[in-house]
Amino acid sequence: MKSTIDLLIAKLNDGIEICTNKNRPFFLGFLSDTEQDILTERIKNNKNIFYSFWGGSENCERKYLGLFPYEYYVNDDFPIEAIKFIYNKNYKLQHKDFLGTILSQGLKREVVGDIIIEEGCTVVFVQKNISPIILSQVSKIGGIGVSLSVIDGSDITIEKHYETINRTITSMRLDCVVSSLANVSRTKSALLIKSGKVFINGIEVYDNDKIINIGDKITIRGFGKFIYDNNDGATKKDRLKVVFKKYV
């Protein structure tokens, strides 16, 4: 049985063939940050197509991949729509409330993008052709009545939030970094790496000795996503003082 990543790459290959042989765009998504990195590695050197990621607005995390014949691409081509939910601001609805309700309509995760929650108002980016389903079938989120409308989401400002994590470690080897970030033993970190649960810049890495460099994105399944942000030098005992940012 093919893995999720194998299926994703197979769809990408189909899209490249459609784009190059039939001279028309192809869209794949919504994709997680890790999936975007994996597909970028597969297509970044392809000189026959232009590719772009777009989530409906600047700074979206979950994005569609668009493959285009050269000189074709515009953001308006992406099949993405924004749905605005209005409700009583006294209720504090959460990301899981919206995602759970939407997926309960028989929809797949890949048709739902970022969910932007504010006081009494939430915007959800979705695949355009499933908007009518949501608009006609959803009237409550988490038991709370909501009113829905389609809006232009391209001007929505999305702020990325990170938690700063300061660590003191012996080495920038992958097993040391995973041990520190996941708060597990070196033995457990080695098992996580060996089992394919650790990614660097979207690529599965199985080498404990792999050296992490500033700017690298480390994903540890079950523990979160991190960016190696800075090196603050060394302690008197020559341990490294490093700074990571964790996606929150």
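User: Which residues does Asp-114 touch, not counting residues up to four places away in sequence?
Analyst: In this predicted model, the contacts of Asp-114 fall in several stretches of the chain. Asn-59, Cys-60, Glu-61 and Arg-62 are among them. The rest of the list is Val-123, Val-124, Phe-125 and Ile-158.

User: In which strand is Asp-114 found?
Analyst: The strand in question covers residues 112–118. Asp-114 falls within that range, so by DSSP run numbering from the N terminus its element is strand 5.

User: Which side chain of opposite charge is nearest to Asp-114, and how far away is it?
Analyst: Asp-114 is buried and has no salt bridge. A salt bridge needs nitrogen and oxygen within 4 Å. The nearest side chain of opposite charge is Arg-62, at 5.5 Å.

User: Which backbone nitrogens lie 2.7 Å and 2.8 Å from a polar atom of the side chain of Asp-114?
Analyst: The cut-off for a polar contact is 3.5 Å. At 2.7 Å from a polar atom of the Asp-114 side chain lies the backbone nitrogen of Glu-61. At 2.8 Å lies the backbone nitrogen of Arg-62.

User: How many salt bridges does the count come to?
Analyst: The pairs include Lys-11 with Glu-110 and Lys-92 with Glu-119. Arg-173 with Asp-209 is another. The count comes to 9.

User: What is the N to O distance where the side chains of Lys-11 and Glu-110 meet?
Analyst: Lys-11 counts as partly exposed because its relative accessibility is 35%. Glu-110 is also partly exposed, at 34%. Their side chains form a salt bridge with an N to O distance of 3.8 Å.

User: How many residues apart are Lys-92 and Glu-119, and are they buried or exposed?
Analyst: The side chains of Lys-92 and Glu-119 meet in a salt bridge at 3.8 Å, N to O. Lys-92 sits in the loop between strand 4 and helix 3, and Glu-119 in the loop between strand 5 and strand 6. They are 27 residues apart, and both are exposed.

User: Where do Arg-173 and Asp-209 lie, and how many residues apart in sequence are the parts they tie together?
Analyst: The side chains of Arg-173 and Asp-209 meet at 2.4 Å, N to O. Arg-173 lies in the loop between strand 10 and helix 5, while Asp-209 lies in the loop between strand 12 and strand 13. The pair therefore ties together parts separated in sequence by 36 residues.

User: Which residues do salt bridges that share partners join into one network with Arg-173?
Analyst: Arg-173 is partly exposed, at 25% relative accessibility. Asp-209 is partly exposed too, with a relative accessible area of 43%. Salt bridges that share partners join Arg-173 into one network with Asp-175, Arg-186 and Asp-209.

User: How many residues of helix 5 are buried?
Analyst: The buried residues include Leu-174, Asp-175, Cys-176 and Val-177. Helix 5 is largely enclosed by the rest of the structure, because its buried count is 9 of 9.

User: Which elements do the buried residues of helix 5 pack against?
Analyst: One partner is a helix, helix 6 (186–194). The others are strands. They are strand 10, strand 11, strand 13, strand 14 and strand 15.

User: Which residue takes a positive phi just after helix 5, and of about how many degrees?
Analyst: Ala-182 is one of the buried residues of helix 5. Just after the helix comes Asn-183, with a positive phi of about 55 degrees.

User: How many of the residues of helix 2 are buried?
Analyst: The buried set includes Asp-33, Glu-35, Ile-38 and Leu-39. Helix 2 is mostly covered, with a buried count of 9 of 11.

User: Is Asn-45 buried or exposed?
Analyst: Asn-45 lies in the loop between helix 2 (33–43) and strand 2 (50–54). Its C-alpha atom is 39 Å from that of Gln-105. Because its relative accessibility is 58%, Asn-45 counts as exposed.

User: What share of contacts with a separation of 6 or more is between residues 24 or more positions apart?
Analyst: The chain has 6 helices and 15 strands. Of its 248 residues, 45% are buried. Residues 24 or more positions apart account for a share of those contacts equal to 58%.

Methods: Residues are numbered from 1 along each chain as its sequence is written. This is a predicted model: local features need pLDDT of at least 70, side-chain atom pairs count only at pLDDT 80 or more; totals for chains, interfaces and linings use all residues. Side-chain values use heavy atoms; hydrogens and water are left out. Helices (H or I, at least four residues) and strands (E, at least two) are DSSP runs, numbered from the N terminus. Buried means under 20% relative accessible area, exposed over 50%, partly exposed in between (1.4 Å probe, protein chains only). Lys and Arg count as positive and Asp and Glu as negative; His and the chain ends are not counted. A polar contact is a pair of N or O atoms within 3.5 Å; within protein, one must be able to donate a hydrogen and the other to accept it, and residues adjacent in sequence count only if both atoms are side-chain atoms. Contact means heavy atoms within 4.5 Å.
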